[in-house]
Amino acid sequence: MRAAVQVIRESSARTVMKTEMGTAPGEPIYTITAKGAHDFARNSGTVNARVGDAAEFDQVLTDDRIYVRGVAGTETMPWSYTDRADAKVQHMLRAPGNDAAHLLQQASMSSEYDRFGTETVAGTTTTRYSAPLSHKALVLNMSEETREKSDQLRDMIGGEIPATAEVWVDQRKRAVRIRLSLDIPGSVSSITTLTLTDLGRPVKVTVPTAEGTEESDAALSG
């Protein structure tokens with residue numbers, strides 16, 4: 001699986017990443033859908049993200065920055081940026097800054113994948129594999145506060161948080177879908193699914209100009 005994911009990390013792809021987050025039974029499920037084009041080899045890309053019907057954001061990812069502009073309710077926000085290193089995970093299995101590369105890294109940290117048969121993904125025949133997601137992968141690049149909550153949850157459970165990594169691999173040994181999920185009844189649930197298409201197709205990234213772009217006071221996070 002690491003090889004199948006590494007192929008993508010050294011290439012480019014169009015991406016659709018959907019995150020569904022819940023808390024207690026009866027509470028609403030929050031859905032974030034991010035469509036993008038990523039040149040993973042150059043650590044750059046573009047993303048359009050929607051938070052239900054409440055907000056929409058455009059993002060540009062470069063090797064050292066994440067630029068963002070958008071609309072939330074009646075408020076329109078011009079381009080601003082934050083250092084990419086400052087984008088931290090605020091919710092388990094939610095990629096910071098809608099950065100698909102973060103999800104690829106988490107999946108590559110898992111081991112002991114088991115095969116679960118063949119499935120069709122975006123018209124392509126694939127083989128699905130599944131493995132437990134380690135705590136180290138789960139807390140990758142988390143904010144200090146979220147890391148503390150995750151450690152407390154693990155202590156409360158009395159063992160590893162039951163998170164799972166699934167990878168769909170095509171006939172050319174490339175990962176074309178990744179899903180990370182966890183469900184603790186009465187506490188928290190989170191599912192993030194990343195689908196990759198047009199593998200190897202060039203990606204053009206236009207960085208916002210310095211004029212009209214200002215540094216954000218808050219770190220962009222997941």
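Two strands count as paired here if DSSP finds at least two bridges between them. Keep that in mind as you click through this predicted model.

**Stop 1: the β7/β8 hairpin.** Select residues 114-121, strand β7, together with residues 124-132, strand β8. These two strands run antiparallel and share six bridges. To find the register, pick T120 and look straight across: T125 of β8 is opposite. Now slide into the turn. Two residues separate β7 from β8 in this hairpin, and one to click on is A122, which has a positive phi of about 50°.

**Stop 2: across to β9.** Keep β8 on screen and add residues 163-170, which make up strand β9. Again the pairing is antiparallel, this time with seven bridges between β8 and β9. For a landmark, choose S130; its bridge partner in β9 is E166.

**Stop 3: the charges on these strands.** Turn on side chains for E119, R128 and E166: a network of salt bridges links them. Zoom in on R128 and E119 first, where the N to O distance is 2.9 Å. Which of the two is buried, and which is partly exposed? R128 is buried at 17% relative accessible area, while E119 is partly exposed at 31%. The cut-off matters for that call: buried means under 20%, so R128 falls on the buried side.

**Stop 4: D170 and R174.** Next, select D170 and R174, which form a salt bridge with their closest N and O atoms 2.9 Å apart. Colour by accessibility if your viewer allows it. D170 comes out buried at 7%, and R174 is buried as well, at 17%.

**Stop 5: over to β4 and β5.** Move to D58 and R69, another salt bridge, with the closest N and O atoms 3.5 Å apart. What does this pair tie together? D58 sits in strand β4 (residues 55-61) and R69 in strand β5 (residues 65-72), so the contact connects parts that are 11 residues apart in sequence. As for accessibility, D58 is partly exposed at 27% relative accessibility, and R69 is also partly exposed, at 37%.

**Last stop: the whole set.** Zoom back out and show every salt bridge. How many are there? The count comes to 11 salt bridges, among them D58 with R69, R128 with E119 and D170 with R174.

Key:
Residues numbered from 1 in each chain as written. Predicted model: local features only at pLDDT ≥ 70, side-chain atom pairs only at ≥ 80, totals over all residues. Heavy atoms only, no water. Salt bridge = Lys/Arg side-chain N within 4 Å of Asp/Glu carboxyl O. Helix = DSSP H or I, 4+ residues; strand = E, 2+ residues; numbered from the N terminus. Buried < 20%, exposed > 50% of the residue type's maximum accessible area, 1.4 Å probe, protein only.
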